[in-house]
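Open your viewer and get ready to select a few pieces one after another. We will start with a pair of strands and then move on.

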Amino acid sequence: MSDLFVGKLRALRPLAVIGAIGVVVAACGNGTSTTPSASLAADQTLRFPSDSDIGTLDPAQINAETDVELYQNLFDGLLKFDDTLKVIPDIATALPTISADGMTYTFKLNANAKFWNGHAVKASDFIYSFSRSAAEGGNAYGSNFDHVVGYDVVSKTKDWAHNQTMLSGMSAPDDHTLQIKLISPWYVFSTELALASAAQVIDPTVVNTDDANWWSKPATAVGTGPYKMVSYIPKQSAAFDAVPNWWGSPQPTVQHVKIDFIADMSQGVVKYEQGGYDLIGYGGMGSDTPTADIIRIQADPTLSKQLKFVNKVRTIWVQYAFGPPPSGSGRAQSVFAGDLESGPAHDLRLAFSLAIDRTQMVNVACANGITCSAATGGLITKGLRGYVGDNSDPLAKFDLTQAKALLKSGDPTGSKTKNLTYYYDPNKAIYKATAENVASQWQTNLGIHVNLQPIDHAAFIKNYTAHNYVLFREGWQADYDHPQDWFDNLFIKGGGSNGGDYTDPKVEALVKKADAEPLDAAIADYNAASKQMMTDAAYAPLAYFKGEFMFKPYLIHAGSNNFNDFYWNEMQIGSH
Amino acid sequence: MFTRGSLLYIGQRLILILFTAVAVSSIVFLGIHRLPGNALLNERHPDPAAQAELLHYYHLDLPLAQQYFLFVGGVFHGDLGESLVNRSVQITPLLLREARVSAEVGGAAIVFTIGIGIVLGVIAAVRQNTWVDYVATTTSVIGYSMPNFVVASLLFLFFGIYFYKWTGGTIYYNSGWTGSWGTLDQIVVPGFALGFPYASIVARLTRASMLEVIRQDYVRTARAKGLTDRIVIIRHALRNALIPVVTILGPLVIGIVTGSVVIENIFGIPGLGKEFATSILQRDYNIVIGLFTFYAIIIAAANLLVDLLYTVIDPRIRY
């Protein structure tokens, strides 16, 4: 459904292109941004709600999807993703020139690029911005620069704002040339640079005046993007205006963007129906529309045409503990640990996975598949590179006969599966619903009673990353479209979010090889690693998330890909 | 207006409010720091050094006692710190702005509570055992029996969706505040939802109190003097009938303040009530502590105000 939707929007691209040409012509003529044509609404103000306030718009700190969706319209990096998630030049004039050894990246910068305060963007600004992110962004995406020479020194710099140490691997032969040296080949680097997070350029002359709070005030939230902040009332509203004579393209047609921070999306949906909002789902709100509202809207012949679903980049699964209990944790030995490819523990893991009827789970837990779909193609979400293919994951099959046989072999006396507890965080309705459904299926299908233990999200995260659970809900939201993001964080020994402490030397070797290869060549190795994990029955897949959006029919080129909303400056508001 | 005794009383109560605020914030501070997890955790496992730096930034790496003294010092200077979730957002100005929003909605609720409650109560008493009394009493019972979140959800549903086209959008809740003050269409519906259940209590109390007062000798005397019914009721009966009503105003104000947590979340009003729920769910400790402190001050101050109102309504009461 999402592909169809994206396809439909692509069909509207000629309109956007024509609009963009019009804008350029108009800009050349009078030096100001475009005047909407007759087919466009006179008032080019885009309004939408968000149930989440801005956490930060500082590239060194930005972490949350809700922030990134706004941020990507205010700041630019060297590279960016287009709407089809292809990496394209942003302030760089072209994709980087990469040295033969894969360790030196050279970028030529667009000489016209400037911040909205008029300051021209210089290569040294990127050195400052990246170094600052590397130093202050360890809690966010600063580690994206961990392959840049000098990262070790900069990331350990205390109080960087007053002790500005630059990444020694970055240099600026002139104002419009930037060279970045890596410690080893790292073909994910271009993707990491395109990610709207740590790699956007900021104006040192502004940021140095107030390192902690510069981003939150319209006067100092200075970026190079097509929009700038004009008002921000914490927890209430934010407003952004198009930057006059913006250096890039397409020139923004939408002149004002107004966002209300509301309590929950039900209120937003009601106001959307009343004409108070132009769309629902932007700003990372694609999964926040209550299911009851979606069902109601689906029954409405007019509104249902405005409702769109897009596969989003989040997968959830059941994870088993593979490692020993952490000392002092009080956790029991895991009955699922060991026997990677075969043996009793392997059979037990496989039995638990094959006993789940995912069609039933999706129907019950995701309102007949409205909010999620069964994860049948590996853990990397459908639509992303590294997705293994529909129904390719043997762990996602529902095979009760085999599950019962495996249970007999894995736990002949039934002693291992007594008193098991499944931990989950009930903060998202889908986590609770899937936990209850899966436990009920284990009881019905295998005769195993698994206790359910809801834990508040923050405590849950703390405990599972500390390996304190034997059986628990795990999940991942991709940071960017590269399998490395999944494997290095989740399935490699020491991976920060490898809550199950899973490790398989075969997977480790494949991932290590793939990480050092260009993406096209690496995909085969990442897929082999995914299949090895299936052989290991390393997890029990559950669901891929979907995002729900509503767009008024008069919006032109509004939409979302698997990761992000389409850029605001590509959008137009048609007459209505 | 104020005697030396009453000024002394007010002074004592203000000192008590200060101690209450410090005591409440201390209990919440110590309690909340016992909870596992914090707002800085996320699925993307942070670099330990960066995590340590963040903890240092928020003084969370200091011993609890030291954190506590820093916090109390801040409270005395009116500085409740910075949000853990929304970086750079200072809590004191945030809560002051949100308090203004809540006061606006709460004020509307109090107007409804007192206005509707007293009018219904008086009419029911004056027209005792007529259909007017039955309608007023039944309305009160309905209001008294329905929690404010039920009233709010129904109003939201009816005026926001079902009756929207019929009313032409003149009566509905318009979500999305863009300034410090809401517009009339943003206040009326939530204000009514918040105040209606309490209005019913006031109506029942006023009716009972009025029935007692209008049978008093001085009311009979007033009538015998040839005064009109309106003057007898408004000038002679109502004032004395209001004393028991004022007695419950304290708890009612507290009910409205706490009820705003639910109402503001249902209607998405950016006030203290909405902040209360979101900051707890997000484990934004600093805001949670600040909010509890704020609420303690508001409730204590409301009680003081009601106590002072007694002296206005009943001159026999002196402090």
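**A strand pair in chain A**

Select β6(A) together with strand β7 (residues 177–181) of chain A: the two pair in the antiparallel sense over three bridges. Strands here are DSSP runs of E with at least two residues, helices are runs of H or I with at least four, and both are numbered from the N terminus. Two strands pair if DSSP finds at least two bridges between them. Before going on, note that this is a predicted model, where local features need pLDDT of at least 70, side-chain atom pairs count only at pLDDT 80 or more, and totals for chains, interfaces and linings use all residues. Residues are numbered from 1 along each chain as its sequence is written, with chains lettered from A and ligands numbered from 1 in the order in which they are written.

Now pick A:S171 and look across to β7(A), where A:Q179 stands opposite.

Widen the selection to the open sheet of four strands in chain A, whose order is β4-β5-β7-β6 with antiparallel pairing. β4 (97–98) and β6 (170–174) of chain A are at the edges with a single partner strand each, so one side of each has no neighbour in the sheet.

**On to chain B**

Switch to chain B. Which secondary structure elements does chain B have? Colouring by secondary structure should show twelve helices and zero strands. Zoom out to see the C-alpha trace of chain B, which spans about 85 × 60 × 30 Å along its principal axes. Of the 319 residues in chain B, 41% are buried (20 or more other C-beta atoms within 10 Å of the residue's own, with C-beta atoms placed from the backbone).

Terms used
A residue is buried if 20 or more other C-beta atoms lie within 10 Å of its own, exposed if 12 or fewer, and partly exposed in between; C-beta atoms are placed from the backbone.
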